[in-house]
Amino acid sequence: MSSPLDFTNERIVSGEVETFPPKMNSVMDKLESYSAERNEKDSEVDQKAQQAASSAQQAETAAQEAKTAKQNAQNAALQAGEHATTAASIEGRLNEADQLVTQTQQYAQTAQQAAQNAVSANQTAIQNTELAIQAASNAQQAGQDVQASVDNAADTAAQQAASQVTTQMQAYLTQAQQAASSAGKSAYQIWLDNGNTGTEADFLLAIKGGIGTQGAKGDQGDDGLSAYQVWLNAGNTGTEADFLSSLKGADGQDGADGQNGADGSNGNDGLSAYQVWLNAGNTGTEADFLNSLKGADGQDGADGSNGANGTDGNDGLSAYQVWLNAGNSGTEADFLNSLKGADGQDGADGSNGANGTDGNDGLSAYQVWLNAGNTGTEADFLNSLKGADGQDGADGSNGANGTDGNDGLSAYQVWLNAGNTGTEADFLNSLKGADGQDGADGQDGTVIMQQVANEAAWNSGPKTAGVIYYWAA
């Protein structure tokens, strides 16, 4: 910057030179000397101004570098936040992998338990099938026992024994049906699995055993009391006709039909007649029990005359026909399926199995990078994750808004995680660099009033033709 009163140290002469008075020549010499000195000082001021400008430029450059360093620090903080987010994402995926492993182990345990349950159910089905076959065999044996009892029955006590045996046979048949139902397969299917062939009707006919051969006649027992004698011993009096009449009560009036009651809950299974017999203090096999039901042989009665043969009775309805008559509809297979009860309630959940042993820790991403043949620090590894900037692709269509991601760490939190301590104000202060050194003081500018006065005097006094003083640029 130049002073507004700066004169050049040159005198431009054109034309004739006017002769100045001696006093004016002295003034002009002094002005020229002052102008020269002033130019030297102005040159020094210009140099110092240039130095100040250079220092200012250096200060501005330093400020720009500080600003760039601050921006780099902020970018580094953002990158650290991104790396922290990436690390958190990796950790989250590792946790998800651990959860998948745990679920897989649970699925494996469930599958193993299901396999054990299947094996157990298969064994139960086999046992139930064997029980069904045994029950069917018992039923057939009971039928033969009934036939033998009927053939050997000679009095009322024998008929009662036959009735009890018939009841036992029905119990065996019920047990067979229950066992067949519990086995999971229909009785007809079990019959086919045993090598038989035929329709369901053939199966139903096969269940009925044939009449067994008549057994050998047993030894004659002691004569038992007749039912009439038992009646007399009970305090009754009268003839056998009176006894027979006493068995029939007077016809009562028909009562009004009652409403059907609600189905009662299933009662506990009762003891078999054989078990009751054992509980009463008896000992022996089931055959001994059946023999105990037969009383002593009575005296042979007089042979009666042969009666006329009765007419053949009508064939009884099949169980399937009875089912249809009850209002049901469907095939014989539907009827057999209807004999199977509804599924029972699910059992209580079993207790959780023991936790599996922890797996080996996986390699860190940095270690995998080293194992791949790379070398360097963890910082080098993190820098290697960032590829070169690719060319900008064409703008794609806007996709649907994604779900909000987890909030990233603030720059202040990243600063704390880096090992720093302090408040947010401390963090902000840490981003500001140290104050730069003060620049050198510039030279004080001075307005020379004398120069102004001289200029005014020159402009108002006589001038030498062709001499011009001008402002310095």
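Visitor: Hi! Which residues gather in a patch of negative charge on the surface?
Guide: Hello! In this predicted model, the patch of negative charge on the surface brings together Asp 222, Asp 223, Asp 300 and Asp 303.

Visitor: Where does Asp 303 sit?
Guide: Asp 303 is found in the loop that runs between α8 (286–292) and α9 (319–325).

Visitor: And is Asp 303 buried or exposed?
Guide: Asp 303 counts as exposed, because its relative accessibility is 77% and the cut-off for exposed is over 50%.

Visitor: Nice. On to salt bridges: how many does the count come to?
Guide: The count comes to one salt bridge. The side chains of Asp 42 and Arg 38 form it, at 3.4 Å from N to O.

Visitor: Where are Asp 42 and Arg 38 along the chain?
Guide: Helix α1 (residues 22–152) holds both Asp 42 and Arg 38. They are four residues apart there, about one turn of the helix.

Visitor: Is Asp 42 buried or exposed, then?
Guide: Asp 42 is buried, with 10% relative accessible area. Its partner Arg 38 also counts as buried, at 12% relative accessibility.

Visitor: Why does 12% make Arg 38 buried?
Guide: Because buried means under 20% relative accessible area, Arg 38 at 12% falls in that class.

Visitor: Changing topic: how many aromatic pairs are there?
Guide: The count comes to 18 aromatic pairs. One cluster linked by ring pairs contains Tyr 188, Trp 191 and Phe 203.

Visitor: Last one: which helix has Ser 430?
Guide: Ser 430 belongs to helix α14 (residues 424–430). Ser 430 is partly exposed, at 42% relative accessible area.

Visitor: How far apart are Ser 430 and Lys 70 in space?
Guide: From C-alpha to C-alpha, Ser 430 and Lys 70 are 9.9 Å apart, while in sequence they are 360 residues apart.

Conventions:
Residues are numbered from 1 along each chain as its sequence is written. This is a predicted model: local features need pLDDT of at least 70, side-chain atom pairs count only at pLDDT 80 or more; totals for chains, interfaces and linings use all residues. Side-chain values use heavy atoms; hydrogens and water are left out. Rings of Phe, Tyr and Trp (its six-membered ring) pair if their centres lie within 6.5 Å; planes under 30 degrees apart count as stacked, over 60 as edge-to-face and the rest as tilted. Patches are made of residues with over 30% relative accessible area and no salt bridge: like charges are joined within 9 Å, nonpolar side chains (Val, Leu, Ile, Met, Phe, Trp, Tyr) within 5 Å. Accessible areas come from the Shrake-Rupley method with a 1.4 Å probe; for residues, only the protein chains shown count as cover. A salt bridge is a side-chain nitrogen of Lys or Arg within 4 Å of a carboxyl oxygen of Asp or Glu. Lys and Arg count as positive and Asp and Glu as negative; His and the chain ends are not counted. The place of a charge is taken as NZ of Lys, CZ of Arg, CG of Asp or CD of Glu. Helices (H or I, at least four residues) and strands (E, at least two) are DSSP runs, numbered from the N terminus. Buried means under 20% relative accessible area, exposed over 50%, partly exposed in between (1.4 Å probe, protein chains only).
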